[in-house]
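Me: Could you take a close look at one part of this protein for me? I would like to see how that part fits with the rest of the chain.

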Amino acid sequence: MKLLLQWVLSAVALLCVAYLYGGVQVQSFGAALIASLVIGLFNVVLRPVLVLLTLPVTVLTLGLFLFVINALLFWAAASILEGFHVNGFGAALWGSLLYSLLGLLIQSALGGLVLRK
């Protein structure tokens, strides 16, 4: 139940990013649900591999290269999905930063939430 709530709230966060920042467009709530699912899958599957492969660059940049990895995954999700569009790498960087900040707020809110049967 908590996972479904997090998924829906992540879709709402993606809609908020599209509302707050013009470089990201989401056509509908359904597109936001699918996009948040794909971004989550990319973060679970691809992000660890990319972090491992780019570890020397990440160390040299004191971790700032992780922002680039997040932006690339955000941009990649937009490139394969209909209804979710990002206007270039700069927009992907700002969009992924906003999405990450909203995701942190969601995580902190759900961390205090206790669901009972």
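What follows is a look at helix 5 and its surroundings.

Reply: Happy to help! This is a predicted model, where local features need pLDDT of at least 70, side-chain atom pairs count only at pLDDT 80 or more, and totals for chains, interfaces and linings use all residues. Residues are numbered from 1 along each chain as its sequence is written, and side-chain values use heavy atoms, with hydrogens and water left out.

Let us begin with the whole chain. It holds 5 helices and 2 strands, where helices (H or I, at least four residues) and strands (E, at least two) are DSSP runs numbered from the N terminus. Along the sequence their order is α-β-α-α-α-β-α. The radius of gyration, taken over C-alpha atoms, is 15 Å, close to the 13 Å from the globule rule (2.2 Å times the number of residues to the power 0.38) for 117 residues, so the chain is as compact as a globular protein of that length. Of those 117 residues, 31% count as buried; buried means under 20% relative accessible area, exposed over 50%, and partly exposed in between (1.4 Å probe, protein chains only).

Now to helix 5, which covers residues 89–111. Its 23 residues should span 33 Å at 1.5 Å a residue (the expected span is 1.5 Å times one less than the number of residues), and its end C-alpha atoms are 32 Å apart, which agrees. Which residues of helix 5 are buried? They are A91, A92, G95, S96, Y99, I106 and L110. What covers these buried residues includes helix 1 (2–20), strand 1 (24–26), helix 2, helix 4 (65–80) and strand 2 (84–86). Contact here means heavy atoms within 4.5 Å. Across the chain, residues 24 or more positions apart account for 62% of the contacts with a separation of 6 or more.

Helix 2 (residues 29–53), one of the elements covering helix 5, is also home to V44. V44 is exposed, with a relative accessible area of 62%. Together with V45, L46, V49, L50 and L53, V44 makes a nonpolar surface patch of about 540 Å².

Helix 4, another part of the cover, follows a loop that starts after helix 3 (55–60) and contains L62. L62 has a positive phi of about 55 degrees although it is not a glycine. Most residues other than glycine have a negative phi. L62 is exposed, with a relative accessible area of 78%.

Notes: Patches are made of residues with over 30% relative accessible area and no salt bridge: like charges are joined within 9 Å, nonpolar side chains (Val, Leu, Ile, Met, Phe, Trp, Tyr) within 5 Å. Accessible areas come from the Shrake-Rupley method with a 1.4 Å probe; for residues, only the protein chains shown count as cover. A salt bridge is a side-chain nitrogen of Lys or Arg within 4 Å of a carboxyl oxygen of Asp or Glu.
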